[in-house]
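Please open the structure in your viewer and keep the selection panel at hand, since this tour goes from one selection to the next.

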Number of protein chains: 2
Amino acid sequence: MKLLIVEDEKILSDSIVSYMRHENFTCETASGFSEAVEKIELFDYDCILLDINLQDGNGLDLLKEIKANNKMDGVLIISARNSLSDKITGLTLGADDYLPKPFHLSELSARVAAIIRRRNFGGSNILRFNELSIDLQAKAVFVNGKLVELTRKEYQLLLYFTYNKGRVVSKNAIAEHLWGDEMGGAANYDFIYTHIKNLRRKLMDSGSEDYIQSVYGMGYKFTAS
Amino acid sequence: MKLLIVEDEKILSDSIVSYMRHENFTCETASGFSEAVEKIELFDYDCILLDINLQDGNGLDLLKEIKANNKMDGVLIISARNSLSDKITGLTLGADDYLPKPFHLSELSARVAAIIRRRNFGGSNILRFNELSIDLQAKAVFVNGKLVELTRKEYQLLLYFTYNKGRVVSKNAIAEHLWGDEMGGAANYDFIYTHIKNLRRKLMDSGSEDYIQSVYGMGYKFTAS
DNA sequence: CCGAATCTGAAGAAATACTGAAGTTGTTCA
DNA sequence: TGAACAACTTCAGTATTTCTTCAGATTCGG
């Protein structure tokens, strides 16, 4: 899952990134209004953590812009202001949740997870696809009720497939989602081949069909239902 | 058996009521501090499910008031907050148990049932997991009835695991729960490794299975039942 | 049939986890 | 108060697991 943290207090931004990386989110940052606009136009994020008190503009305007651009990213507003009007305005403009400073990082994490769950998976903690089921809370994957032990990357990969079910996802998109900035537009995709191979093998060894369909020259399509 | 659910998130409150009714509890709700005080003064409840993060006041104050009024109601604290101090304060003030959000309704139900059983049959506050038992009042841990001497951190760690039974807890979350904000997103987790090692050793030396499962790259999962 | 894309197993590199011991802090009790 | 002890944290070295790279095999579309 990929996040954009829009926050100009470097210390806070860094600690959010550090925490969320450990929670296995892919994180990118923007320290200002303009940088955020740029990144949001270029990339897809599962959730944008938006501090509405930026130096170089009003975060609510940015929010307006995100929503006007028909971007489907989730948005969590972070604010030092406790004013009810900001909260209401934010939620009216389409933010998914609101978190006043100061906050516990674990609460931030829980809320972000909730937003993503709500937007991508209908709010459910357990996803089912044919003989496959995924418990988001326990971070566990089952085939016919039997636990399959996946590594971090394999789990992230599977999750990315599930919410792009039926769509072809390019290797570029996968790289961007699982690795962020530094790997997007990589020269080769050997590491993706390897992870896909391992994921396929683990699932099929446990008795699952192969729902990861290769689409020559395009990418992969997850075909379970 | 009659419950009072003090919770201002209507969706959560409704789903608790719906679930608990099926478990044959009589349910009433209060969406705020003042409403709760009123109801508690007027009626007797077997157990009060108290969210300590209310809009209109601190839930811990309400708890203090319940206990000061010599009400004998059992109290289960529900909290999104993760600060250890809240937990400790809550239990010190006389709460019977503590359940962090998010939780499974089945777990809530089990804990409520346990509180009621305990209070009605004069038992002490004891959690049981296979050959492990934890006396919350005495803050003592037993393996097959034999006392295991744990340090404070080890005890807190074990307790935190039991609260999150079956879920993967990240080292971040552990750090934040046991040490508070300042450790969130810490650079290294050496101290967690050490405490986990010591806790594991003490429990296993006493004849317990190792219920603390390491999940590479994600954290730990407590697997007893 | 050719070149490009994809797949595979194996090996090296990197990240994560564990351990014992040493250093530091805090508590207890004379 | 301060010596003795317990608890906590840090550190350095080791073990384990995962990630990435690579070379060769296979498949695919034209």
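How do the residues of the surface near DNA strand D divide into nonpolar, polar and charged? In this predicted model, that surface holds 8 charged residues, together with 6 polar and 4 nonpolar ones.

Begin by selecting DNA strand D and the 18 residues that surround it, among which the closest are A:Thr151 and A:Lys153 from one chain, and B:Thr151, B:Arg152 and B:Lys153 from the other. Next, colour the elements that give two or more residues to this surface, which in chain A are helix H6 (152–162) and helix H8 (190–205), and in chain B are helix H6 (152–163) and helix H8 (190–205). H8 of chain A gives the most here, with 4 residues.

Now move your selection to DNA strand C, which is surrounded by 17 residues, the closest being A:Tyr193, A:Lys197 and A:Ser214, along with B:Tyr193 and B:Ser214. H8 of chain A and H8 of chain B each supply at least two residues of the surface near this strand, and the largest share, 6 residues, comes from H8 of chain A. If you colour this surface by class, you will find 6 nonpolar, 6 polar and 5 charged residues.

Finally, hide the DNA and select the contact between the two chains, to which chain A brings 15 residues and chain B brings 17. On the side of chain B that touches chain A, helix H7 (residues 171–179) of chain B gives the most, with 4 residues. The residues on that side of chain B divide into 7 polar, 5 nonpolar and 5 charged.

Terms used: Residues numbered from 1 in each chain as written. Chains lettered and ligands numbered in written order. Predicted model: local features only at pLDDT ≥ 70, side-chain atom pairs only at ≥ 80, totals over all residues. Near = placed C-beta within 6 Å. Nonpolar A, V, L, I, M, F, W, Y, C, P; charged D, E, K, R; others polar. Contact = placed C-beta atoms within 7 Å.
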